[in-house]
Amino acid sequence: MSIPVDLAVIWAFIIAFAVFVYVVMDGFDLGLGILFPLFPKKQDRDVIMNSVAPVWDGNETWLVLGGGGMMAAFPLAYSVLMPALYTPIIAMLLGLIFRGVAFEFRWRTTKERNKWDIAFAGGSLLASLAQGIALGAILQGIHVEGRHYAGGWWDWLTPFSILTGVALVIGYALLGATWLVMKTEGELRDRAYGLSWALLFAMLGAIGAVSIATPFLHVQYTQRWFAWPNIIFTAPVPIAVAAVTVLLLRGLARKYDYQPFFLSLALFALSYAGLGISMYPYIVPQSITIWQAASPENSQIFMLFGVSVLIPLILAYTAWAYYVFRGKVRPESGYH
Amino acid sequence: MFEGWDAVVLARAQFAFTMSFHIVFPAFSIGLASYLAVLEALWLWTGREVFINLFNYWLKIFAVAFGMGVVSGIVMSYQFGTNWAVFADKTGPIIGPLMAYEVLTAFFLEAGFLGVMLFGLKRVGPRLHFLATLMVAIGTLISAFWILSANSWMQTPTGYSVNAAGQYVAADWLEVIFNPSFPYRLVHMVLAAYLTTAFVVGAVGAFHLLRDPHQAGARVMFSMAMWMATIVAPIQILAGDQHGLNTLEHQPVKIMAMEGHFESHKDGAPLYLFGWPNQAAGKLEYAVGIPKLGSVILKHSPDAPMAGLDTVPRENWPPVVFPFWSFRIMVGMGLLMAGLGLLSLLMRIRGNLYDSRLLHWFAVAMAPSGFIAVLAGWITTETGRQPYLVYGLLRTADSASPLAAPAVASSLIAFVIVYFAVYAAGVTYLLRLMAAAPHHGEEGPSKDAPARAAGITPAAGAVTGAIR
């Protein structure tokens, strides 16, 4: 499979990049929410929340770029996917509302703090599950007629989409646990280590299950992965997953601070690359290609100017914000 | 359930509901971000403690309001696709890039520097911290620029062509961005945001002055807010008038609806103050009007003829009662705002600014005036361009997603329940923060540094920053 370099492909990579940055950055935020019920002590919860309080808003902005950028660069795909994923998207938005306001509300009340802790955990879980389900629903294919979605409003619900939903929850939880390993100390960090082990094995199970199930969805996926000569390009992906896993196990065994988190991100990157291999060149699998969905050239060029200047700038000042709040978060120096 | 309902009506109800809840927060945070930048600049410049106390006081309020604006805003950016798929497909090539630029130039700037603004004063020192505050304030204004450009293009589309797939495509990006109604709408909205914030700040100041006329923070914020009311409210009335003339030129039907002009007036149109628009009968009932004044205001000539809705096919009429009444509510609020500004100027000249209980009660009562005016103004402009979504090009009825009514109804109910629960809590927390008076040693959202706000001067802060 050779990939031509044209505007639609460039934009497909830009959108994929935005979504990936979102998954990486909001992934650990959401993961912390998923793990929240496992840390019942108030002091631990304060530290967990403070470890992302200064950056969660920027992390979530990548989701807006993914959605807005898709409407701009591939309006047809946006207008087909959103109604097709209606229920998971609405569920995700509602989950993100609860999770987002909890960051502020939790500190404004003592009586109702428990309520916002539940909102934080429940919202994070709901948003993560909904995102994973949406991903599965896209992969399994969407009923399109003309320029419209032509299915029902429960088409997204299948065993496969539930599997991808659960898989993403596990993956985000792993990111959250390894983030805590990196950002906290003492007993809290020890608990995060324990959770990281369990979640890593769960994540490997999930990657395996999704990898086995995907080729059965469409014969095209099978050919993409296993037909000669594609296999030359696809075989390195599972091999790399195995290599990263070994490193990650070693990092956890040696109780490293940073490695577990960044290697978990690498696992995500490889899974994401696998997803790209399965989908390309479709943006709505098996019905709409990136060229069919692409905006007119002048829209894509107009935005390309902005993106090429602004994304590096955004990455730079985002990195600065992370740098300002670097290091371990301690209970007594919480930001709130 | 809901099988017999019209999915388009439900989708419109959902958009109106989520939009109305959303818009009040940006309207407030655009103004508040700029106010915070001013307060921090004054602190750096004068070193007076009262400014950093006020800064930290309003920063806590900003954090809550901004968070609510962010989460309700994400809903908006996905709703174009979930509920208005045909609109997204057809206008995506034009609206999409404008919103993408909003995300790239504004949302990231705000979000990227927000963490430092809220929690980072001790970590980066006052100067870099001021830069972060400034970036957040500028971000909110850039955001207003792009989203109002997109909205204005939907009101007065220019610089486009239509491609083979039936999509609107930019022929000239500058004409798209700087479409005819954009400059007027931008000025009107940004001033509205500033006024909204000023009247909240003024009300909070007045509330604490009623309790203690010597409260230092309350005096400063009340005085600053009243200067805004005195100066900006009249400017806003002027800007609104210009915006109206622009609308008359590009969307005359909207003006007919706002004015209640069902009938054409050959020699001078009246200005109707009140009345009840009867859409079915095509007339304004119980009308109270001033002869010729409508033509004077809109055409600057008492005898200028003005066409009415009787010159427009009925299927192109907006639902007159909405723009007619919301317009009157907005104008009423504007006049009250200017009135408070004038009264405060009189009291200031007489030296009673901080002791006039009448003035303070008036200011407290005016706390929600900005929000009411903003909502009313948006209802005027959005219902006034109906039945179109993109004026003259794309009808609202033809823009919706191919969804079953039960799907839209369920999500609408979910949004209503969640918004009422979440926003009731949020507004409670905001009011609680406002009910406490700003005090000596006021802390920000961060309890990072117990001693920070208490006594440090900008210079000492700079030293602390350098040491870290």
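## A tour of chains A and B

Start by selecting chain A: its secondary structure comes to 14 helices and four strands. Keep in mind that you're looking at a predicted model.

Now zoom out until chain A fills the window. Along its principal axes, the C-alpha trace spans about 55 × 40 × 40 Å. How does that fit with a compact globule? For 336 residues, such a globule would have a radius of gyration near 20 Å, and chain A has 20 Å, so the two agree.

Next, select residues 7-35 and residues 113-139 of chain A, which are helices H1 and H6. Two packed helices are described by the angle between their axes and the distance between the axes. For this pair, the angle is about 125° and the axes are 7 Å apart. Angles from 65 to 115 degrees would count as roughly perpendicular and those over 145 as roughly antiparallel, so H1(A) and H6(A) are oblique to each other. Turn the view a little and look at how they cross: H1(A) passes H6(A) in a left-handed crossing.

Which residues meet there? On the H1(A) side, show Leu30(A), Gly33(A) and Ile34(A). Across from them in H6(A) are Phe120(A), Ala121(A), Gly123(A), Ser124(A), Leu125(A), Ala127(A) and Ser128(A). Colour this contact by class and you'll get six nonpolar, four polar and no charged residues.

Last stop: hop over to chain B and select residues 7-46, helix H1. At 1.5 Å a residue, its 40 residues should span 58 Å, and the end C-alpha atoms are 58 Å apart, which agrees. Step just past the helix and you reach Gly47(B), with a positive phi near 75°.

Terms used. Residues numbered from 1 in each chain as written. Chains lettered and ligands numbered in written order. Predicted model: local features only at pLDDT ≥ 70, side-chain atom pairs only at ≥ 80, totals over all residues. Axes fitted to C-alpha atoms, helices over the stretch in contact; angles between N-to-C directions. Helix = DSSP H or I, 4+ residues; strand = E, 2+ residues; numbered from the N terminus. Parallel < 35°, antiparallel > 145°, perpendicular 65-115°, else oblique. Left-handed = near helix turned anticlockwise from the far one by under 90°. Contact = placed C-beta atoms within 7 Å. Nonpolar A, V, L, I, M, F, W, Y, C, P; charged D, E, K, R; others polar. Expected span 1.5 Å × (residues − 1). Rg over C-alpha atoms; globule rule 2.2 N^0.38 Å.
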